[in-house]
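Here are a few friendly notes to read with the model open beside you. Take the points one at a time and find each residue as you go.

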Amino acid sequence: MVIFGTTKYLKEWNEKQKSPLSGIPHVITTNVEHDSVILPIKRLQEDGLIDVTIVPVTKKGVIVAEDLLSAVRPNTCLITMMMANNETGVIMPVAEIGRQLQRVNRKRIADGLIKILYHTDAAQAIGKIPVDVEDLLVDYLTIVGHKFYGPRIGSLYVRGPNSATPIYPMFYGGGQENGIRPGTENAPMTIGLGKAAALAAQFFNQNQSLFICFREYLEEKLKERFGECAVIHFRDPDIPFLPNTCSVSLLTNEKFSGSDILRKCHRVEASVGAACHSQDKPSAILSNSGLSPELARSTIRLSIGLLTSKSEIDDAVQDLANAIRILKDGKKKKENLS
């Protein structure tokens, strides 16, 4: 809704101006966004409806505020970036960019230019790190229930819908949700989302401490079992990361991929990138975040949940070790047969 709304936003703004802007809306994003953001953007770009600037993150996986804002043009209508990356765990400087964007927008409005709207995808952040729209200074924030033990339903925060911030319907046929999202509301899922959010807030400090404790235990056990062959990524001391996410490469002389290892696991359920992506090629997100092709290909993303126990972590590490042993045995058998 936010991304597709940019075309209407510029059109409506131009209709009210004595000196309208020429051209089509310009959108700024990063090269590590989830497909739910990048694919709609690319579709509108392919249809010739928007211009796009995709700003690369650093080799440490984080966006630099100055790099993002240097891409601003007179017809820039939207900046959209995730709050925390689902594959690397790196937390982006959303609040810092929000503060700088406020200053940019004050000057733009004084100069007779359109205000730049600001959206963040907070799917991976809620329930794991503090999320406060007043601190972030965003106009839109995406919420995904199943990421914090809620039902599989999402919601969109809008700062002052259609007063301070425009929001346009994508569908028509009913007056529900003030005409913005037609269709009979799914009350049980909505109530479930609210309850999950309330619980995430109530137990936030306790849950965050648990995530950190067990993620550190996981990384210690990986180092104990695999030594220098376990390379844990995105641990720069100056860059914050999610408390529950471990991106690790298990390097072997045989150069087994993360997918190879996971296929031989009996108990571990994990992924080599976003869970909804193909698992058979190196993740573009990891490559864009500075990992070499070899490291990206061998990376496994392990996540800690609220119900994870130390014994389960021990079992998981052993399962990974067994999988590598099975792969090595299989390769030796093939070599002996040849």
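1. Let's begin with the outward-looking side of helix α1, where Lys11 and Glu15 are exposed. Keep in mind as you look that this is a predicted model. Which residues of α1, spanning residues 5-15, are buried? They are Gly5, Thr6, Tyr9, Leu10, Trp13 and Asn14. These buried residues lie on the same side of α1 because they cover an arc of only 165° around the axis. A general rule helps here: an α-helix has 3.6 residues a turn, so residues three or four places apart point the same way.

2. What do the buried residues of α1 pack against? Their partners are three strands: β1 (26-30), β3 (76-82) and β4 (117-121).

3. Now find a pair of helices, α7 (residues 204-226) and α11 (residues 310-337). In general, two packed helices are described by the angle between their axes and the distance between the axes. For α7 and α11 the angle is about 35°, and the axes are 10 Å apart. Their crossing is right-handed. On the α7 side, the contact is made by Phe214, Tyr217, Leu218, Lys221, Leu222, Arg225 and Phe226. From α11, the residues taking part include Lys310, Ile313, Asp314 and Val317.

4. Stay with Arg225 for a moment, as its charged end sits over the ring of Phe226, 5.7 Å from the ring's centre. Arg235 does likewise with Phe241: its charged end sits over that ring, 3.9 Å from the centre. How many aromatic pairs does the structure hold? The count is zero.

5. Next, look in the loop between β6 (154-158) and α6 (187-202), where you will find Arg181. Is Arg181 buried or partly exposed? Arg181 is partly exposed, because its relative accessible area is 40%, which falls between the cut-offs of 20% for buried and 50% for exposed. Leaving aside residues up to four places away in sequence, Arg181 touches Phe171 and Gln176. Try tracing the chain from Met1 to Arg181: they are 180 residues apart in sequence, yet their C-alpha atoms are 9.5 Å apart in space.

6. Finally, two residues deserve a look at their backbone. Asn162, in the loop between β6 and α6, has a phi near 60°, a positive value in a residue other than glycine. Asn162 is partly exposed, with a relative accessible area of 49%. Lys255 is not a glycine either, and its phi is positive too, at about 55°. You will find Lys255 in the loop between β8 (245-250) and α8 (258-263).

Note on methods. Residues are numbered from 1 along each chain as its sequence is written. This is a predicted model: local features need pLDDT of at least 70, side-chain atom pairs count only at pLDDT 80 or more; totals for chains, interfaces and linings use all residues. Side-chain values use heavy atoms; hydrogens and water are left out. Rings of Phe, Tyr and Trp (its six-membered ring) pair if their centres lie within 6.5 Å; planes under 30 degrees apart count as stacked, over 60 as edge-to-face and the rest as tilted. A charge sits over a ring if NZ of Lys or CZ of Arg is within 6 Å of the ring centre and within 35 degrees of the ring normal. Buried means under 20% relative accessible area, exposed over 50%, partly exposed in between (1.4 Å probe, protein chains only). Helices (H or I, at least four residues) and strands (E, at least two) are DSSP runs, numbered from the N terminus. The arc is that of the directions from the helix axis to the C-beta atoms. Contact means heavy atoms within 4.5 Å. Axes are lines fitted to C-alpha atoms, for helices over the stretch in contact, and angles run from 0 to 180 degrees between N-to-C directions. A crossing is left-handed if the near helix is turned anticlockwise from the far one by less than a right angle, and right-handed if clockwise.
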